Amino acid sequence: MNNNIRVGNLFGIPFYVNPSWFLVLGLVTFSYGGQLAYFQELNGIIPWLLGFVAAILLFASVLAHELGHSFVAISQGIDVKSITLFLFGGLASLEKESDTPLEAFLVAIAGPVVSLLLAAILFIVAFNVSFPAPIEAIIELLASINLVLGLFNLIPGLPLDGGNILKSLVWKITGNPNKGIIFASRVGQVFGWLAVAVGGLSILGIIQFGNFWTLLIGFFLLQNAGVSAQSAQVQETLNGYTAEDAVIPDSPIVSGELTIREFVNNYVIGKNQWRKFLIVNEEGNLSGVLEVESLKKVPTSEWIDIKLFEVMEPIKDLITIKSDETLLEVVKMLEDDPQKQLTVIGNNGQVLGLLEKNSIIKLLEKDKQTQTA
């Protein structure tokens, strides 16, 4: 899983940390520990230990944010595959998208709500309960970080939570989730370029706000927003085609009325593309399958008299799909095993042909060439 390290389970959800997390953990520990060292009552390694505790609590806040998304998703029947902490925060990986715009909105808003609630609680505690100055400083830091985490994630651009909120709103208006993703991704790219510009200008000393982290966050937004937009555009394209559109030309379909001799002469001799054929009846409906190798068991002297119906095998492992199924659904079926072939059946029950990953790729390439021509 991209070199991520599994550290256990949280509420049944696999919990990972990316190696980049240790870098940030060390930076926060030493930078904040250095600030705590100014408190006279802290001596020796105590400031650094408290800095480490503060760093862990900061990441615990990020984790709580991701658990907010996860619990709402689970309440909708969506499995959470993992939660990962990395350089720029955290990520809850969901099994699938929500089924409705409202449900998608609730999953997206849950994380910022958790962060803002934590910020409010911590500020209330800091201002109303007396603590030693170093502890109070840590509580105020946690409150501020949760406030920033909640507000920052409400920026309306993917991959941030605000982008997912915007996506759900566009989905509700247009009825198309992919249009929501594309629009929110474009907005995310705008914010990404803005962050890159601010970070770059601050490094050059031209402006007084922003820093190197702003630049990195900008590149992070650009990369992930671009990937989201590209993925949504591919899905939108796939949604515009059906399984029938990606059927392999000259698929291995033959009539069971053919004799073995006719079949071998017309479909086998001099042709090496197919070693397995779909046998259909007079109406074009699927009757069985035939392995070319199995014909070796039949004496050649009998080939002129025996029809394919007599030597075909029963249908066992064939996976069939309706011709009007969208290619987006077909691709989901092929995800687990990209090598498998699907048999496409028309609405009248006739076999139209085979479909596989390569035939979908060729269709998309043809579509791209048509658009650029």
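**Charges and a recorded site in a predicted model**

His69 is buried, with a relative accessible area of 6%.

Biologist: Happy to look at this with you! Is His69 in a helix or a loop, and which element is that?
Modeller: Keep in mind that this is a predicted model. His69 is buried at 6% relative accessible area, because buried means under 20%. The element that holds His69 is helix α2, residues 46-75.

Biologist: Which residues does UniProt list under the feature "binding site", and what is their largest C-alpha distance?
Modeller: The unreviewed UniProt entry places that feature at His65, His69 and Asp161. They are spread over 97 residues of sequence, yet they cluster in space, and the largest C-alpha distance is 10.6 Å.

Biologist: Nice. Now to the charges: how many salt bridges does a search of the whole structure find?
Modeller: The test asks for a side-chain nitrogen of Lys or Arg within 4 Å of a carboxyl oxygen of Asp or Glu. One pair that passes is Glu329 with Lys332, at 3.6 Å. Over the whole structure, the number of salt bridges found is five.

Biologist: Why are Glu329 and Lys332 separated by about one helical turn, and which helix holds them?
Modeller: Both belong to one helix and sit three residues apart, so about one helical turn separates them. Glu329 is partly exposed at 34% relative accessibility, and Lys332 is partly exposed at 44%. Their helix is α10, residues 327-334.

Biologist: What N to O distance does the bridge between Asp99 and Lys96 have, and is Asp99 buried or exposed?
Modeller: Lys96 is partly exposed, with a relative accessible area of 36%. The two side chains meet at 3.2 Å, N to O. As for Asp99, its relative accessibility is 55%, so with the exposed class starting over 50% it counts as exposed.

Biologist: How far apart are the closest N and O atoms of Glu257 and Lys307, and how many residues apart in sequence are the parts this pair ties together?
Modeller: The closest N and O atoms of this salt bridge are 2.9 Å apart. Glu257 lies in the loop between β5 and α8, and Lys307 in the loop between β7 and α9, so the pair ties together parts whose separation in sequence is 50 residues.

Biologist: One more, please: which residues form the negative surface patch?
Modeller: Let's start from Glu244, in the loop between α7 and β5. Glu244 is partly exposed at 45% relative accessible area, so it passes the over 30% cut-off for patches. The patch is formed by Glu244, Asp245, Asp324 and Glu325.

Terms used. Residues are numbered from 1 along each chain as its sequence is written. This is a predicted model: local features need pLDDT of at least 70, side-chain atom pairs count only at pLDDT 80 or more; totals for chains, interfaces and linings use all residues. Side-chain values use heavy atoms; hydrogens and water are left out. Patches are made of residues with over 30% relative accessible area and no salt bridge: like charges are joined within 9 Å, nonpolar side chains (Val, Leu, Ile, Met, Phe, Trp, Tyr) within 5 Å. Accessible areas come from the Shrake-Rupley method with a 1.4 Å probe; for residues, only the protein chains shown count as cover. Lys and Arg count as positive and Asp and Glu as negative; His and the chain ends are not counted. The place of a charge is taken as NZ of Lys, CZ of Arg, CG of Asp or CD of Glu. Helices (H or I, at least four residues) and strands (E, at least two) are DSSP runs, numbered from the N terminus. Buried means under 20% relative accessible area, exposed over 50%, partly exposed in between (1.4 Å probe, protein chains only). UniProt positions are given in the numbering used here, feature names are shortened, and annotations may be inferred rather than shown by experiment.
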